[in-house]
Amino acid sequence: MTSVGEQVDVEEMIERLAKHRALEGMPRQELEWLARHGELRRFRAGEMLSIKGTEPFYMTVMLTGSGGIYMERGGARRKVMEWGAGELTGMMPFSRMTTTIGDPMLEQDSEVLFVHRDHFPELIRDCPNITAACVHVMLDRARTFTSTDWQDDKLISLGRLAAGLAHELNNPASA
């Protein structure tokens, strides 16, 4: 069961964030800002971070665990992106995301630090290094989705070609 947001021990959270892969090497004052503005939540495996089609509100700092975004593609449910401990996901500063495009589900018990988007103007002003890291994550995410779309298009075309070929081979009139 998801815990309600917990107040964090700032010093302990700063230590955890300093070891976080995406935030490693960030200035202490920026990590302290995150610790003071973040809300720690714990999730069980199988829980959803949000629901497809809903408006996103949080930047998600994955502290432990892992998850992925699942979408219907080509008539099947697929994982199109995955993330885990040490990564940033969700809504981020400068993001144009207006709704979630899939179902973000946690695959392991997880601890997550959420930062509400209402804090983004202050985050951009006070934490330029973390903001830059978020922009890089968004660029990588866009590349991943573009690549996944391209692969899906190729597989759909290959499936159509195979179906057409099978039809021709099984049609005695075409022989």
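**A guided tour of the cores, the sheet and Arg41**

Begin by selecting Met13, Leu17, Leu23, Leu34, Met59, Val61 and Ile130: within the largest nonpolar core, which has 27 residues, these touch the most other members. The model on display is a predicted one.

Next, colour the elements that build this core. At least two of its residues come from each of helix H1 (10-18), helix H2 (28-37), strand E2 (58-64), strand E7 (110-116), helix H3 (120-126) and helix H4 (128-170).

Now centre the view on Met13. Apart from neighbours within four places in sequence, Met13 is in contact with Val8, Ala35, Leu40, Leu63 and Leu113. Then select Ile69, Val80, Trp83 and Phe114, which are among the ten residues of a second, separate core.

Turn next to the strands E4, E3 and E6. Displayed together, they form an open sheet of three strands in the order E4-E3-E6, with antiparallel pairing. Strand E4 (76-84) and strand E6 (103-106) are the edge strands, each pairing on one side only. From one strand to the next, the twist averages 30°.

Within this sheet, select strand E3 (residues 66-73) with E4: the two run antiparallel and are joined by eight bridges. Which residue stands opposite Tyr70 in E4? Selecting the position shows Lys79 there.

For the last stop, select Arg41, which lies in strand E1 (residues 39-43). Is Arg41 buried or exposed? Arg41 counts as buried because its relative accessible area is 19%, under the 20% cut-off. Add Tyr58 to the selection: its side chain and that of Arg41 are joined by a polar contact of 3.5 Å.

How values were computed
Residues numbered from 1 in each chain as written. Predicted model: local features only at pLDDT ≥ 70, side-chain atom pairs only at ≥ 80, totals over all residues. Heavy atoms only, no water. Helix = DSSP H or I, 4+ residues; strand = E, 2+ residues; numbered from the N terminus. Buried < 20%, exposed > 50% of the residue type's maximum accessible area, 1.4 Å probe, protein only. Polar contact = N/O pair within 3.5 Å; in protein donor to acceptor, adjacent residues only side chain to side chain. Pairing = 2+ DSSP bridges. Axes fitted to C-alpha atoms, helices over the stretch in contact; angles between N-to-C directions. Core = buried A, V, L, I, M, F, W, Y, C linked by side-chain atoms within 4.5 Å. Contact = heavy atoms within 4.5 Å.
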